[in-house]
Amino acid sequence: MNDKDDIIPSEGAELADQGYSAAAEVGVIKARRTFAQNVWRGLKSAPPTALFGLTVISIYVIFAVFAPLLAPYGEAEIFPMSYAPWSEEFRFGTDQLGRDVMSRLIYGARNTVGIAFVTTLFAFIIGGGLGITAAINNNGWLDNLLSRSVDVLMAIPSLIFALILLSMFGANTLNLIIIIAVLDSTRVFRIARAVSLNVVVMDYVEAARLRGEKMFWILYREILPNIMPPLVAEFGLRFCFVFLTIAALSFLGVGIQPPTADWGSMVRETAGLIQFAEYDFTAAMTPMLPAAAIALLTVAVNFVVDWFLHKSSGLKD
Amino acid sequence: MSEKNSGEKGDILLEMRDIVIDGYSDDRWHEIIKGVDITLRRGEILGLIGESGAGKSTLGLAAMGYARAGCRITSGSIIFDGMDLMKKSAAEKRALRGTRIAYVAQSAAASFNPAHQLIEQTVEATVRRGIKPEAEARADARKLYRDLQLPNPDTIGERYPHQVSGGQLQRVMTAMAMSARPDLIIFDEPTTALDVTTQVEVLASMRRIVEQFNTAAIYITHDLAVVAQMADFIKVLRYGVTIEDAETRKMLSSPEKEYTRSLWSVRSIDKKEERSDDIILKVDHIDASYTGSAKVLHDVSIEVPRGSTVAIVGESGSGKSTAARAITGLLPPSSGQILFNGKALPPTLKGRSVDQLQKIQMIYQMADTAMNPRHTVRDIIGRPLEFYLGLHGRARDDRLMELVEMIELNESFIDRYPGELSGGQKQRICIARALAADPELIICDEVTSALDQIVQKGILELLLRLQREFNLTYIFITHDIATVKAISDQIVVMFQGRVVEQGMKSEILSPPFPEYTELLLSSVPEMDPDWLTGLLKARAEGARATN
């Protein structure tokens, strides 16, 4: 009903008793905001939690992109001293092979976050595409086939299923991405199908079908732009889950393989140091650093997603 | 509480002075109502009319001292029965609402709680405010149902909202408003969503009950003919200012302002009917049904001559939109066939060639949902140009400009999104999209029924002009007889999935009428304050005669 307000020109009183003209109907049209203005408006009204989340995410992204420049040493560079204490030379000490922990933390941002991001993207392409297709084919054979297959996949606990598949196909990065993406796409399928069902019934989709448009056009041009807000929010959430799953798998030893630096496996490799807390507190903190990096990013993404969901839900307060 | 209100007829009940109301949009407050006065005496009905965005509803709600979310009453005084509502606390105002001031909303279906019985909702406010004990209130509600001529007045209250029709629901809401015997009722477009045949009954029962209890009312609508039946006085609003204020008969016979006259302008269009024997589309004895439900079309045959307008009229559920779906191929008929330019059209959408799809275009009732909100006007009109005519780049943009000018808009609209356009402009863009395909036949499904009178007139004139210029053929689906008179050559009357009659406009609109056509035609409100009274009398006599 907001568009009612748009019809009222600011100097309505003078226009009130004039004849009719289609072009003048809207009266004074406000200039459209540019994308940058919209972003700025959004940021200005963002709650502190969301700003905190955005700041943290930006820092992670900077570290991921500029890892080779920011890290003091190479990702797999080995020094003669293993388990070196925190010092000027090695900010957070070295690990069991003598690799600089700080450098590996920085490269870990690139690997762990990057792989999680690519995996989530695949999950959305597969799940989103099939979900919208199922909605267009509402209750047809394709919809039923896809929906029931997804039900079957979702019935199996995903971490265990991922472990089985990884041990079957071998634990390399490509397999990891494909397996997690497929398993996670089931959740994306559900939400994409649900939100698309509301759009599929609109007249403009019918108009496109009457025009003779192909399925891909309807999916990509008519439906997708209208279901973006919930999908983007879901992307953030799914990213967290994928990220945690990969970290968990790496911790278990079937995730990202050495010598690639990765936070999950870093926790595992240095976990033993925790027991020396009473002798050298800083050394005991070493496994906590990658764990904290994982936790912080998860919290930050959730803050941003909460804000985004709130905005796209249209609730005022 | 007595049946009669305490005050005498003729005492001033509501006095609103210099009301200014702001609405919030685009990060700032705009004035929506700019200093309007209302004086209402007991037992009087005031009609508030104007197009959408005029501020009618906002003003109506302000009479209860209420402003919608995103609105605020910034100045003015609202004196209701000696009390200044502007100075009352929220709790004090709340105590008045539902007991001394009641509100009847436009969409009854959206206003009832689907999980409670009608009678519970009818008496809820009365019982909770302690005006009447529950048993007494329920007995009274049943009496009101009877007064409002609802079927089975003693048991209808036990039903749930989805179990009664829209017209019945609207009457139950009137009973709800009446339950506490308020001094003032605000009717906000109560019959806009109803069919003409239902509208007459609802109007008649509302008017009767308001007279019976000597209640004052504010009746908000955009339909002047409706308000003429109900109101003693009429106030015309536009952009939040009063345009004209007069006694009903005076307003109708000699309106002073140009704008007021334009409010019933659709009725001034008159197309000369043309006869043509070159049949472009022939719907040949088709039956159709939606999967898993009863047949909705029974042996429907329609002939559409080239270059003319065939209006399909009927109330909701008569099958007129289903007939359009069958023609477009969205709903394949179960028997019979559709001939286009003498050749049979494949029944399903998939079976038709791009060429066949191109020749039949469709314009929808709700321009809002017919255009993708994420596409600009350029995308919306440009797509059929690319898709059917293979135009790209400059050629496409040149043609786009021609089309936009054809629908009387200009270049500045091309990069706007539908959300930035008004209702009439949106519908024009939909017309341009249909035209872009270079069609021979355009199916217009209630294209003007969601628009204000003045905008309707503009759209209808545009369609007529385009028809003359491009020799277009229209199938015009509508329930509005004024529109039919304005633009059709031929008329098809449909009722319960069957064609009642088809013929030239002059033949259909002149007596003798088949029974259903008679009912439909006589139910259209006329710009005559005595029309409803006369009609009810005539119908009562007719009923007596048949008995």
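User: What makes I45(B) and V227(B) count as residues that Y219(B) touches?

Analyst: In this predicted model, a contact requires C-beta atoms within 7 Å. I45(B) and V227(B) meet that condition with Y219(B), as do L46(B), G47(B), L48(B), F187(B), M230(B) and A231(B), leaving aside residues up to four places away in sequence.

User: Which residues touch the most other members of the largest nonpolar core?

Analyst: Y219(B) is among them, along with I246(A), I218(B) and I475(B); the core has 229 residues. Its largest share, 15 residues, is supplied by helix α6 (residues 101-136) of chain A. Domain 1 (12-251) and domain 2 (278-479 + 489-510) of chain B each contribute at least three residues to this core.

User: Why is helix α12 (residues 263-270) of chain A called largely enclosed by the rest of the structure?

Analyst: A residue is buried if 20 or more other C-beta atoms lie within 10 Å of its own. Seven of the eight residues of α12(A) are buried, so the description follows. The seven are W263(A), G264(A), S265(A), M266(A), V267(A), E269(A) and T270(A).

User: How do you know how confident the predictor is in chain B?

Analyst: On a scale from 0 to 100, chain B averages a pLDDT of 86, and 97% of the residues score at least 70. Among its elements, the lowest mean, 79, belongs to helix α10 (residues 258-262) and the highest, 94, to strand β16 (residues 360-363).

User: Where in chain B does pLDDT stay under 50?

Analyst: That applies to residues 1-5 of chain B, for which the model has nine contacts beyond four places in sequence. The model itself scores ipTM 0.75 and pTM 0.78.

Conventions:
Residues are numbered from 1 along each chain as its sequence is written. Chains are lettered from A and ligands numbered from 1 in the order in which they are written. This is a predicted model: local features need pLDDT of at least 70, side-chain atom pairs count only at pLDDT 80 or more; totals for chains, interfaces and linings use all residues. A residue is buried if 20 or more other C-beta atoms lie within 10 Å of its own, exposed if 12 or fewer, and partly exposed in between; C-beta atoms are placed from the backbone. Helices (H or I, at least four residues) and strands (E, at least two) are DSSP runs, numbered from the N terminus. Two residues are in contact if their C-beta atoms, placed from the backbone, lie within 7 Å. A nonpolar core is a set of buried Ala, Val, Leu, Ile, Met, Phe, Trp, Tyr and Cys residues joined through C-beta atoms within 7 Å. Domain bounds come from an automatic or database domain assignment.
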